[in-house]
Amino acid sequence: MPTQSAAQAKTTATLDCDGKSIALPVVKGTESEVAVDIEKLRAQTGMIKLDPGYGNTGSCKSAITFIDGEKGVLRYRGYPIEELAQGSTFLEVAWLLINGELPTRAELAGFINEVTHHTMLHENFNRFFEALPKDAHPMPVCAAAVGALTTFYQQPETEQSTHETWVRLIAKMPTIAASSYKHSIGQPSIYPDNRLEYTSNFMRMMFATPCEEYDVDPVLARAVDLLFILHADHEQNCSTSTVRMVGSSRANLFASISAGISALWGPLHGGANQEVIEMLERIATEEGSADRFVAKAKDKNDTTRLMGFGHRVYKSYDPRAAILKKACNDVLKRVGGSSRLLDIAMRLEELALKDDYFVSRKLYPNVDFYSGIIYKALGIPINMFTVMFVIGRLPGWVAHWLEMRRDPDFRIARPRQVYVGPTMRAYQPIEMRGGRV
Ligand code: SDX
């Protein structure tokens, strides 16, 4: 337990082991989170700590996003997600996450202008997409395309070139995403239209064709912008930690983001939004009832999980899910779509929130539970749902990569392990290994 030292300025935790006792510094954050700093643990004791899944491990100090999982609090640079969702825009939030402060009018105008004039891809990318199978999932396509951007921008890494890199990433991600979709349906890519704002430009690239224009509904564009804001950052989640890990080897930003895209694809992480819709559609067509599905999700002998439920950090309602649940109704009303899947989702939530299995494990809806319903209502194809998450999460990944690289104590990430394999044994040539053929 932390003990108050005489100086009161710092507290320490005492570790007693094998008759030895060492004092470890205790670090306290601006939101009163407390951590034991074990940087000197191995040097002082020869021991390391073991924490599979890093559930009890802080990998860094960060000033970007604060989450209070018990209270369902999420703030970007101190601003509550509810207020940003209500009053901000995705590009303004991107600037906030990356630069630490809300932009002035001139800064925002300059940033929007920079992004608008970097939305195009090099023409060689047409051959890049053509080279890939038509039925490729767009997530590996996006990961490969972002990695390939390194080959088009090979300048040495400086503050200026790094700025240009993250502007290019934010500007080109919607173009890459839309092109990967168009390729998968055998349609030509649609070039960005610089007269449109960021989200409308993306929706037009997704749904216009050379034969038919697509008039963007501003209400739906605003819904997509809201989704991007809600996904923009979430502190040290799996994909963001991946971006930090890869970037810590001094790999460039394109390569680090490409790795983050791959990590996000996992069904336990960003891939859950696609799994949620597939789950809701299964309940609608096969399972027959939400009640029966919930029973399966609780059954230890059944691998079924209630996708979109549960979270490593939130042990209460994910504030993003609350915002999205309301947005679902607004979008469905606007597009006149069926609320069948939303009705099933709300029935699942109603059942789970009063079922001890979920309540005792503090399993609540997370950001993925309702987002897919909106994407589906907007006409976004199901295998593009996680790509939408990529566009949203990109500023957060960039902000963390920059924060890691600008840390004066920056060093390559290299965890340790506890070895549990065979102890030393002598090599035996194959002719002497009798028994095993
Ligand atoms: C995201 O980290 C982030 O911030 C991620 C994210 C972000 O913005 O970056 O918020 C985005 O990834 C949201 C999570 C999306 N994933 C899902 O919705 C998939 C379904 N949820 C889970 O698989 C799970 O809840 C996790 C992966 C989200 C969290 O897993 P943990 O913290 O490792 O918890 P666990 O798997 O150890 O589960 C604890 C218990 C287990 O039961 P017991 O062993 O105690 O008996 O809860 C059960 C689990 O079986 N459980 C579930 C469940 N989630 C956990 N049981 C049924 N349905 C579920 N969804």
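Visitor: What makes the pair formed by an oxygen atom of the ligand and the side chain of R320 a polar contact?

Guide: In this predicted model, an oxygen atom of the ligand is 2.7 Å from an N or O atom in the side chain of R320. The cut-off for a polar contact between N or O atoms is 3.5 Å, so this pair at 2.7 Å qualifies.

Visitor: How do you know that R305 and L306 also make polar contacts with the ligand, and which part of each residue takes part?

Guide: For R305, an N or O atom of the side chain is 2.6 Å from an oxygen atom of the ligand. For L306, a polar backbone atom is 2.8 Å from a nitrogen atom of the ligand. Both distances are within 3.5 Å, so both pairs count as polar contacts. Taken alone, the ligand exposes 1,100 Å², and the protein buries 78% of that.

Visitor: Which residues around the ligand come nearest, and how is the shell composed?

Guide: The ligand has 23 residues around it, of which H234, R305, H311, R312 and R320 come nearest. By class, the shell divides into 9 nonpolar, 7 polar and 7 charged residues.

Visitor: Why is the ligand said to lie between domain 2 and domain 3?

Guide: Residues of the shell come from both domain 2 (73–270 + 394–406) and domain 3 (272–377), so the ligand lies between them. The domain assignment also gives domain 1 (6–50), whose C-alpha centre lies 39 Å from that of domain 2.

Visitor: What makes the residues of the "active site" annotation one spot?

Guide: The UniProt annotation "active site", from an unreviewed entry, covers H311 and D368. They span 58 residues in sequence, but no two of their C-alpha atoms are more than 10.5 Å apart, so they gather at one spot.

Visitor: Where does H311 lie, and why is H311 called partly exposed?

Guide: H311 lies in the loop between helix 13 (290–298) and helix 14 (319–335). Buried requires under 20% relative accessibility and exposed requires over 50%; H311 has 22%, so H311 counts as partly exposed.

Visitor: Why is Q86 placed in its accessibility class, buried or exposed?

Guide: Q86 has 67% relative accessibility, and exposed begins over 50%, so Q86 counts as exposed. Q86 lies in helix 2 (residues 81–87). Its C-alpha atom is separated by 26 Å from that of L264, a residue 178 residues apart from Q86 along the chain.

How values were computed. Residues are numbered from 1 along each chain as its sequence is written. This is a predicted model: local features need pLDDT of at least 70, side-chain atom pairs count only at pLDDT 80 or more; totals for chains, interfaces and linings use all residues. Side-chain values use heavy atoms; hydrogens and water are left out. Domain bounds come from an automatic or database domain assignment. A residue is near a molecule or strand if one of its heavy atoms lies within 4 Å of it. A polar contact is a pair of N or O atoms within 3.5 Å; within protein, one must be able to donate a hydrogen and the other to accept it, and residues adjacent in sequence count only if both atoms are side-chain atoms. Accessible areas come from the Shrake-Rupley method with a 1.4 Å probe; for residues, only the protein chains shown count as cover. Ala, Val, Leu, Ile, Met, Phe, Trp, Tyr, Cys and Pro count as nonpolar, Asp, Glu, Lys and Arg as charged, and the others, Gly among them, as polar. UniProt positions are given in the numbering used here, feature names are shortened, and annotations may be inferred rather than shown by experiment. Helices (H or I, at least four residues) and strands (E, at least two) are DSSP runs, numbered from the N terminus. Buried means under 20% relative accessible area, exposed over 50%, partly exposed in between (1.4 Å probe, protein chains only).
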